[in-house]
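Student: I am new to this structure and would like a close look at a single part of it, with its surroundings explained step by step. Could you take me through one helix and what it touches?

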Amino acid sequence: MSAKKERPVHSLIAGSIAGAIEAFVTYPTDFVKTRSQFGGQRESLITIIRTTLREKGITGLYSGCSALIIGNSVKAGVRFVSYDHFKVMLADAEGKVSPPRSLLAGLGAGMMEAIIAVTPSETIKTKLIDDAKRPNPQYRGLVHGTMSIVREEGFSGVYRGLFPVMMRQGANSAVRFTTYTTLKQFVQGTARPGQQLPTGITFGIGAIAGLVTVLVTQPLDVIKTRMQSLTARQHYRNSFHCGYRILTEEGVLRFWTGTTPRLVRLVMSGGIIFTVYENVIRLLTGPERGTK
């Protein structure tokens, strides 16, 4: 795989646009996934959707959406800029990046996005979703909710679950980028030299990358959600204690709660984000320019 470097501003613009579009399109699946992962009485996915539509209407499925759109836009921009930077750093003398080094570059990109963008936006989103299911929600929206969290818990309140988020995002990016670039390299090897991959093929490769990512990283996502809930401090001392309690009290399968909606989201997400990213890069740099 070539390690030719995109201009950081191009990666930032393309990644941010792709992240915002992906977040808005796929948000209802993330809402259902997050609701299903909270502790307490289990609710089926259909029950969550029906209850939300009955009590809150279609807008209920978008509770906390603004936090995720903003965070996802920043996250995707940081992810692509970081991945491109680490990929060039890890390239060999011929400018090639092996799959293990691509995995390491993805891990670094995931860690960066977790610290800069994902943890605050995911914490706020999760608390807004958790609050929205109460009979009398206390948060009136993104701004009021954020201000309330900071006022009640301090700045660290929006960084709840930092460790599991770093682990999840690191694993997400490592698996997703490695799967995507490996499959893309394989497909390009069967095409004519210099031929651009059709949008449908790019979407399909991205979707497969999303599928692999979900199956590998779902337990980290469940722990992340629990640690960012409104009642996390009452039940868990840290991420390891949270994981231990889930395992011993609820069983190992509980770690894959929410797999279906997250699978739908990340399969769509992988297709959307890589397709939008590569097309925006082409607009910014010219149709003759190859992408990652």
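Tutor: What follows looks at helix H4 and then moves outward to the salt bridges, cores and other helices around it.

Please keep in mind from the start that this is a predicted model. Helix H4 runs over residues 99-132, and 24 of its 34 residues are buried, so that the helix is mostly covered under the rule that buried means under 20% relative accessible area. Its form departs from a straight rod: a straight helix of 34 residues would span 50 Å at 1.5 Å a residue, whereas H4 spans only 43 Å between its end C-alpha atoms. A bend of about 60° can be found in H4 at Ala114.

Ala114 also leads to another helix, since it is one of the residues in contact with Leu162, a residue of helix H6. Leaving aside neighbours within four places in sequence, the contacts of Leu162 are Ala114, Ile115 and Thr119. With 28% relative accessibility, Leu162 counts as partly exposed, because that value falls between the 20% limit for buried and the 50% limit for exposed. A different view of Leu162 comes from Glu94, which is 68 residues away along the chain, with 37 Å between the two C-alpha atoms.

Further along H4 we come to Glu122, which is found in this helix. Glu122 has a relative accessible area of 3% and is therefore buried. Not counting residues up to four places away in sequence, Glu122 touches Leu68, Arg168, Lys224 and Gln228. Two of these names, Arg168 and Lys224, return together with Glu122 in a network of salt bridges, whose members are Glu22, Asp30, Lys33, Glu122, Lys125, Arg168, Asp221, Lys224, Arg262 and Arg265. Side chains of opposite charge can pair when their charged atoms come close. The structure as a whole holds 18 salt bridges.

One pair within that network can be followed in detail in helix H1. There the side chains of Lys33 and Asp30 meet in a salt bridge, at 3.7 Å from N to O, and both residues lie in H1, three residues apart, which is about one turn of the helix. Lys33 is buried, with a relative accessible area of 2%, and Asp30 also counts as buried, at 2% relative accessibility. Helix H1 itself has 30 residues, yet its end C-alpha atoms are only 36 Å apart, short of the 44 Å that a straight helix would reach at 1.5 Å a residue. H1 bends by about 60° at Thr26, and a proline, Pro28, follows within four residues.

Returning to H4, we can look at the end of its run, where Asp131 forms a salt bridge with Arg134, the closest N and O atoms being 3.6 Å apart. The two partners differ in their cover: Asp131 counts as buried at 1% relative accessibility, while Arg134 counts as partly exposed at 34%. A similar contrast can be drawn for Glu250 and Arg254, whose side chains meet in a salt bridge at 2.6 Å, N to O. Here Glu250 is partly exposed, with a relative accessible area of 27%, and Arg254 is buried, with a relative accessible area of 3%.

The last step is to place H4 within the nonpolar interior. The largest nonpolar core has 19 residues, and the members that touch the most others are Phe80, Ile273, Phe274 and Tyr277. H4 is among the elements that give two or more residues to this core, along with helices H1, H3, H6, H7 and H10, and the largest share, seven residues, comes from H10. Not counting residues up to four places away in sequence, Ile273 touches Ala18, Gly19, Glu22, Ala76, Arg79, Phe80 and Arg176; among these, Glu22 is also part of the salt-bridge network described above. A second, separate core has nine residues, including Tyr27, Val32, Phe38 and Cys65. Cys65 is buried, with a relative accessible area of 7%, and Cys242 counts as buried at 0% relative accessibility, but the count of disulfides comes to zero.

Methods: Residues are numbered from 1 along each chain as its sequence is written. This is a predicted model: local features need pLDDT of at least 70, side-chain atom pairs count only at pLDDT 80 or more; totals for chains, interfaces and linings use all residues. Side-chain values use heavy atoms; hydrogens and water are left out. A nonpolar core is a set of buried Ala, Val, Leu, Ile, Met, Phe, Trp, Tyr and Cys residues joined through side-chain atoms within 4.5 Å. Buried means under 20% relative accessible area, exposed over 50%, partly exposed in between (1.4 Å probe, protein chains only). Contact means heavy atoms within 4.5 Å. The expected span of a helix is 1.5 Å times one less than its number of residues. The bend at a residue is the angle between axes fitted to the seven residues ending there and the seven starting there. A disulfide is a pair of cysteine sulfur atoms within 2.5 Å. A salt bridge is a side-chain nitrogen of Lys or Arg within 4 Å of a carboxyl oxygen of Asp or Glu.
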